[in-house]
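Q: Please take a close look at the side-chain pairs in this protein, starting with the rings and then the charged groups. I'd like to see how they sit on the helices and strands around them.

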Amino acid sequence: MFNMILVGPPGSGKGTQAERMIHKYRFIPIALGALLRQQMAENGTNKVLIEKYINSGQLVPDHLSFELVTQLVQAQPADASFLFDGFPRTIPQVTFLDHFLKQCGAQINGVIFLDVSNEILLKRLKNRATIEKRPDDQDVCKIKTRMQIYEQETRPILNHYKAQGKLHRIDGTQSVDEVTKAIAAIMDRLIRP
Ligand code: ADP
């Protein structure tokens, strides 16, 4: 088991880079935002609840995300390697994941942080709104709510992993290919130290 986390503000390019990493390093993806949107689309039992949070730019309650993560990890072979994208986003989620992986005899091996300034994020998300039509990208208030939640709830998790020597910062304003290259350099060092 070799587990990585991809973390960054909304619009930092996590989804794009996660896809490339999954392909190259054969990770099992745990992309919480995408999974929640999929549950909404499939009219699952928690559709209304999930919709309420996601569409307003709020984080869904922990019991939902913890249950999803647990199910997904347990459905894979014990030696599978996971790429967590969009989870954990808060200190309680970090505590849950650390504890859960420990129970599975595993840990987080590295955290890749895609750093992008708020000004660039706002431009990217407004542009994405016209392409992907995600409801949470459609108005500036919702985008600002997500950016504020990121600053208040998610940024503190960076210090947690930094203190463990697991945090790797990448300039997310570079081109998509340059970011991929920077991630590959980190991955190669982690896999073959
Ligand atoms: P982005 O990071 O660009 O906002 P995501 O697809 O990762 O996009 O997440 C979209 C939404 O899904 C979030 O605004 C939130 O409502 C929900 N979500 C994603 N990850 C989490 C999480 N770890 N905890 C709670 N809610 C989450």
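A: Let's start with what counts as a ring pair: the rings of Phe, Tyr and Trp (for Trp, its six-membered ring) pair if their centres lie within 6.5 Å, and the pair is called stacked with planes under 30 degrees apart, edge-to-face over 60, and tilted for the rest. Keep in mind that this is a predicted model.

By that rule there are six aromatic pairs. One of them is Y25 with F27, with 6.3 Å from centre to centre and 55° between the planes, a tilted pair. Y25 and F27 are both buried. Now look at F96 and F100: their ring centres are 5.7 Å apart and their planes sit at just 10°, so this pair is stacked. These two are buried as well. Both F96 and F100 belong to helix α5 (residues 91-103), where they are four residues apart, or about one turn of the helix. An α-helix has 3.6 residues a turn, so residues three or four places apart point the same way.

The rings don't stop there: ring pairs join F96 and F100 with F66 and F87 in a cluster. F66 takes us to helix α4, where the buried residues are L64, S65, F66, L68, V69 and V73. What sits over them? The cover includes β2 (28-31), α2 (32-41), α3 (47-56), β3 (82-85) and α5. As for its geometry, α4 (residues 62-74) has 13 residues and spans 18 Å from first C-alpha to last, close to the 18 Å expected at 1.5 Å a residue.

Two of those covering elements, β2 and β3, belong to the sheet, so to speak of it here is natural: it is an open sheet of five strands with parallel pairing, in the order β2-β3-β1-β4-β5. The edges are β2 and β5 (167-171), each with a single partner strand, so one side of each has no neighbour in the sheet. On average, neighbouring strands are turned by 20° against each other, direction ignored. Helix α1 (residues 14-25) packs on this sheet and touches β1 (3-7), β2, β3 and β4, and its direction makes about 175° with that of β3.

Zoom in on β4 (residues 108-115) next. Six of the eight residues in β4 are buried, which leaves this strand mostly covered. Five bridges join β4 to β1, running parallel, and M4 is opposite G110 of β4. Five bridges also join β4 to β5, again parallel. In that pairing V111 has L167 as its bridge partner, while D115 is partnered with D171.

D115 is a handy step over to the charged groups. Side chains of opposite charge can pair when their charged atoms come close. The structure holds eight salt bridges. In one of them the side chains of D115 and R169 meet, at 2.8 Å from N to O. That pair links distant parts of the chain, with D115 in strand β4 and R169 in strand β5, 54 residues apart.

What about R146? Its salt-bridge partner is D136, and their closest N and O atoms are 3.7 Å apart. R146 is in helix α7 (residues 140-163) while D136 is in the loop between α6 (118-132) and α7, so the pair ties together parts that are 10 residues apart in sequence. R146 and D136 are both buried. They are also linked with R128, R134 and D137 in a network of salt bridges.

Finally, α7 holds both partners of another salt bridge, E151 and R155, whose side chains meet at 2.8 Å from N to O. They are four residues apart in the helix, about one turn. Are these two buried or exposed? E151 has a relative accessible area of 31% and R155 has 32%, so both count as partly exposed, the class between the 20% and 50% cut-offs.

Conventions:
Residues are numbered from 1 along each chain as its sequence is written. This is a predicted model: local features need pLDDT of at least 70, side-chain atom pairs count only at pLDDT 80 or more; totals for chains, interfaces and linings use all residues. Side-chain values use heavy atoms; hydrogens and water are left out. Buried means under 20% relative accessible area, exposed over 50%, partly exposed in between (1.4 Å probe, protein chains only). Helices (H or I, at least four residues) and strands (E, at least two) are DSSP runs, numbered from the N terminus. The expected span of a helix is 1.5 Å times one less than its number of residues. Contact means heavy atoms within 4.5 Å. Two strands pair if DSSP finds at least two bridges between them. Axes are lines fitted to C-alpha atoms, for helices over the stretch in contact, and angles run from 0 to 180 degrees between N-to-C directions. A salt bridge is a side-chain nitrogen of Lys or Arg within 4 Å of a carboxyl oxygen of Asp or Glu.
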